[in-house]
Amino acid sequence: MKIPLSYSFRNLWTRRLTTVLTASGMSLVVFVFAAVLMLAEGLRQTLVATGSYDNALVLRSSADTEIQSIIDRDQAAIIESQPEIALNPQGQPLVSPEVVVLINLPKRTTGQRTNVTIRGVRPISLEMRPEIKMGAGRFFRPGSTEIVVGENVARRFVGSGLGQSLHFGMRTWTIVGILAAGNTGFSSEIWGDVDQLMQAFRRPVYSDVVLKLRNPGDFTELRQRLESDPRLTVQVKREVMFYEEQSERLAEFIRILGMVLTSIFSVGAVLSAMITMYAAVAARTVEIGTLRALGFSRGNILTAILIESLLIGLIGGLGGLGAASFLQFINISTTNWQTFSEIAFNFALSQGIIFKSLVFALGMGLIGGLLPALRAARMNIVNALRAA
Amino acid sequence: MVFKIIYRNILRHRLRTILTITGMAVAILSFGLLRTVVDAWYAGVEGSSAYRLVTRNAVSLIFRLPLAYLSKIRAVPGVSAVSYSTWFGGIYIDEKNFFPQFAVEARHYLDLYPEFIIPEEQKLVFLKERQAAIAGRQLVEKYGWRLGDIIPIKSTHYPANLEFVLRGIYTGVEKSTDEGRFFFHWDYLNETLEKNAPALANQVGVYIIQVDDPNQAAVVAAQVDELFKNSLAETLTETEKAFHLGFVAMTEAILMSIQVVSFLVIGVILVVLANTMAMTARERLNEYATLKTLGFQPWHLVGLIGGESIAIALAGGMIGLVLSFPAAQIFRSALSQYFRIFHVSSVTLIVGLLTSLGVGVVSAIFPAWQAARVSIAEGLRRIG
């Protein structure tokens, strides 16, 4: 016969203070564990959502980021004439040589200046990136000093609202629209006319060329041809792959830091659970002896104590996850070291993270409860009964 | 007498004490590591000098400044020396081997940074040779370089794959000086650019200005910026400290979360120790009543419980802090791409000790209050 579940429950209830202290220690650990995973996941989601699978990016061969890349006009012309490029219904090729630079803008919150990506594009760029819609206002007119800004830029930087203007490159640029790019890196960018921006920044060359493939399967062929063309020194990447690589170092940093922290933390929480369960077992020596005398087996005792410890873990896990789920409302922004520019993203809670956090919490409970449970199960009936 | 009882009490539940001390040690260890991470973030700021200003392109750091600005900046009153450097952003063999490389105007640059100590004969050789480079001690140790080695580096920013000859190794004046930088001659880079990409030649990343009087830094900075107002490349001049703080501010969201986490750690420690002390006090309530019967005053009991709590806390704290040295070493090698300076500062040690002391005191409050308040009869009647 098994010891009923309510036995474990009631025991926890009797030692409320200790239970709460132990469980809150665990929930702190689970909170940090979940928060780190959510941060890395949010960053990943943002950068994976940026770019499409059937777009390809052509950059200078040794450049890791768009701002390091240089493609001159002759090279761009060769790339633009490739047969794999898709056409829109009007018969225009879906290809856009772009220029990407950084400008300093002061943040609304702190007034601190930080780097914002500004991208010179052609009107066709919007068609090539279906994830971007026009929010408020309209797209810029080609050949004008008008710009459109991503939602995150409009919200975070001084003077970046609709109808306001920014001054850079010895010109004043009017903001005529807001890009609704959702949860993508484009939300943290400013777009303007490519030729106007190149003139303003006295930059005679493009940064890279973006093109939409007629057929996504043509990618390998296109890459081989362009990369082996003696007139070009370029590398070709799928847009999605490119943006994912852009977050690698930041994501790795968050991951390493987070894993080191949580593993150290979890040792503390496991010890706390162990202390609690050892005390619970010690205080109940006579009780356990009685249970054994009544005919409950060693296995029953072991299970009952383990369940108690797992329950503490579960309470801690749920508490930590509950607190962490509020983080989803926080939008954070930081500079991505690789691109040297600002990127905004959310903490993202996924099913995988919920699952991992709960397993982690139960694992802490299990490890913390195992030794005390074994001690309880090994007790000699007679000695235990005599202990009082 | 009291100390003896405290000592005996600590040893009574040996297993529990060991577990608690270990828990404390682990938490203080992570607290120390977190503070060290934050310190590492501010390393550039700490290492900056009040005598140095940095002038860069006002649009953003990726835009460079014309070499022609040099003589104009030199003429500004209050400026005692000017040098310039360009971020090379190169890859040594593999992308993972990240370290900062600067193309510098060497003659003045080395004078501007007295915290980098280079043996005089190495300096002379370096200044004479076009392809020569100087690297920090840590960097040299990491890659096992020797003087005279040829180091090939491929730039990601410029169409330039350069080969350098290591001619000097610098050491830092202080422990917190960055010993992971790599310097070479700006002229060498510029000659290559004139061949490969003339549009990029004759430009510098930043000017470094030394001022006579740090109190005049703001005036000098304003004068420099005024010189180039409404030109193609407007400048932004700030103190070296502000320049580095700008980098810190870029990632302040991450920094903030690390600081929040370090407070959570204190929460974890508190929970662990408070749990132990609460349990201990509950079990010993009738003992305390006995002690009272023997004539011990409430403040004796407070001393007993507080002493035990603080002793455990300090033991755990000290073990944790001692362990943080080897842990910092491991951390640094795992994250050497991001942090070159990673040492546990004395402030961290003091804060760690004070935190464990505080945790010890706070954990004892509730049990001590309970023990001092319990009446003899009630305490004696109570069964563990």
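**Entry 1: where the chains meet**

I began with the contact between the two chains, keeping in mind that this is a predicted model, and I found that 40 residues of chain B are in contact with 48 residues of chain A. I then looked up which elements of chain B supply the side that touches chain A, and I noted that helix 2 (14-41), helix 10 (240-250), helix 11 (252-283) and helix 13 (298-334) each give at least two residues to that side. The largest share comes from helix 11 of chain B, with 13 residues. When I sorted the side of chain B that touches chain A by class, I counted 25 nonpolar, 13 polar and 2 charged residues.

**Entry 2: the domains of chain B**

Next I turned to how chain B is divided, and I wrote down domain 1 as 2-43 + 252-381 and domain 2 as 59-233. Taken over C-alpha atoms, the centres of domain 1 of chain B and domain 2 of chain B are separated by 48 Å. I also looked up where these two domains touch, and I found 5 residues of domain 1 of chain B in contact with 6 residues of domain 2 of chain B. On the domain 1 side of that contact in chain B, I listed 2 nonpolar, 2 polar and 1 charged residues.

**Entry 3: chain A as a whole**

For chain A I recorded 13 helices and 12 strands. I compared its radius of gyration, 30 Å, with the value near 21 Å that a compact globule of 388 residues would have. Along the principal axes, the C-alpha atoms of chain A fill a box of roughly 95 × 45 × 35 Å. I noted as well that buried residues make up 51% of the 388 residues in chain A. Among the contacts in chain A between residues at least 6 apart in sequence, I found that 82% join residues at least 24 apart.

**Entry 4: strand 8 of chain A**

Is strand 8 of chain A, residues 189-193, mostly covered or mostly open? I found that strand 8 of chain A is mostly covered, with 5 of its 5 residues buried. I then followed its pairing, and I saw that strand 3 (residues 113-121) of chain A runs parallel to strand 8 of chain A and is joined to it by 5 bridges. Strand 5 (residues 146-150) of chain A, by contrast, runs antiparallel to strand 8 of chain A, with 3 bridges between them. At the level of single residues, I noted that G192(A) in strand 8 of chain A stands opposite G120(A), and that G192(A) is also the bridge partner of I147(A).

Notes:
Residues are numbered from 1 along each chain as its sequence is written. Chains are lettered from A and ligands numbered from 1 in the order in which they are written. This is a predicted model: local features need pLDDT of at least 70, side-chain atom pairs count only at pLDDT 80 or more; totals for chains, interfaces and linings use all residues. Two residues are in contact if their C-beta atoms, placed from the backbone, lie within 7 Å. Helices (H or I, at least four residues) and strands (E, at least two) are DSSP runs, numbered from the N terminus. Ala, Val, Leu, Ile, Met, Phe, Trp, Tyr, Cys and Pro count as nonpolar, Asp, Glu, Lys and Arg as charged, and the others, Gly among them, as polar. Domain bounds come from an automatic or database domain assignment. A residue is buried if 20 or more other C-beta atoms lie within 10 Å of its own, exposed if 12 or fewer, and partly exposed in between; C-beta atoms are placed from the backbone. Two strands pair if DSSP finds at least two bridges between them. The radius of gyration is taken over C-alpha atoms; the globule rule is 2.2 Å times the number of residues to the power 0.38.
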